[in-house]
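Here are my notes for someone meeting this structure for the first time. Keep the viewer open and follow along point by point.

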Amino acid sequence: MTKIKKKNDPYWIHHTHSPKKGEYECSVCCRRYSESAPSCPGCGSVMTGVKERSEWVDEAEKWDMYLENF
Ligand SMILES: [Zn+2]
């Protein structure tokens with residue numbers, strides 16, 4: 001009997017830092033789309049939700065601090 005690990009539930013990674021309006025990246029196959037969908041058109045994974053990629057914002061703030069020191 002094969003037990004499927006639910007460790008990594010598929011979800012969209014919302015890239016708000018993108019110069020475009022917004023991009024959704026599949027957490028499974030890393031393909032990007034302009035809109036989120038119930039399932040990934042690329043790999044067929046059924047999505048459990050959307051996660052904002054807030055770490056990118058924090059990273060950008062750090063870089064602003066570094067740049068101010070120059
Ligand atoms: Zn996918």
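1. A word on terms first: helices (H or I, at least four residues) and strands (E, at least two) are DSSP runs, numbered from the N terminus. Read that way, the chain goes β-β-β-β-α from the N terminus on, that is, 1 helix and 4 strands.

2. Some ground rules. You are looking at a predicted model, where local features need pLDDT of at least 70, side-chain atom pairs count only at pLDDT 80 or more, and totals for chains, interfaces and linings use all residues. Residues are numbered from 1 along each chain as its sequence is written.

3. How are the strands ordered in the sheet? The sheet is open, has 4 strands in the order β3-β2-β1-β4, and shows mixed pairing. Its edge strands are β3 (32-33) and β4, each of which pairs on one side only. Two strands count as paired if DSSP finds at least two bridges between them.

4. Now go through the pairs. Strand β1 (residues 12-15) lines up antiparallel with strand β2 (residues 23-26) over 4 bridges. Within that pair, I13 has E25 as its bridge partner in β2, and W12 stands opposite C26. On to β4 (residues 50-52): β1 pairs with this strand in the parallel sense, over 3 bridges. Here W12 has V50 as its bridge partner, so to speak a residue to click on when you look at either pairing of β1.

5. The remaining pair is β2 with β3, antiparallel and joined by 2 bridges. E25 is bridged to R32 in β3, and Y24 stands opposite Y33.

6. Which side chains of β2 are buried, and which are not? Y24 and C26 point to one face and are buried, whereas E23 and E25 point to the other face and are not. "Buried" takes 20 or more other C-beta atoms within 10 Å of a residue's own, "exposed" 12 or fewer, and "partly exposed" is in between, with C-beta atoms placed from the backbone. Over the chain, buried residues make up 6% of the 70 residues.

7. Have a look at C30, in the loop between β2 and β3. The hairpin of these strands has 5 residues between them. C30 has a positive phi of about 65° although it is not a glycine. For context, most residues other than glycine have a negative phi. Buried or exposed, where does C30 fall? C30 is exposed, because it has 10 other C-beta atoms within 10 Å.

8. V28 sits in that loop between β2 and β3 too. With 16 other C-beta atoms within 10 Å, V28 is partly exposed. What does V28 touch, once residues up to four places away in sequence are set aside? The answer is P10, C40, C43 and S45, where contact means C-beta atoms, placed from the backbone, within 7 Å. V28 and M47 are 19 residues apart in sequence, and their C-alpha atoms are 9.7 Å apart.

9. P10 deserves a point too. This proline belongs to the segment before β1 and is partly exposed, with 17 other C-beta atoms within 10 Å. Leaving out neighbours within four places in sequence, P10 is in contact with C26, S27, V28, C40, S45, V46, M47 and T48. S39 lies 29 residues from P10 in sequence, and the two are 8.8 Å apart from C-alpha to C-alpha.

10. Then there is G49, in the loop between β3 and β4. Why is G49 classed as exposed? There are 9 other C-beta atoms within 10 Å of G49. G49 and P10 are 39 residues apart in sequence and 7.8 Å apart in space, C-alpha to C-alpha.

11. A last number for the chain: take the contacts between residues at least 6 apart in sequence, and 37% of them join residues at least 24 apart.

Technical notes:
Two residues are in contact if their C-beta atoms, placed from the backbone, lie within 7 Å.
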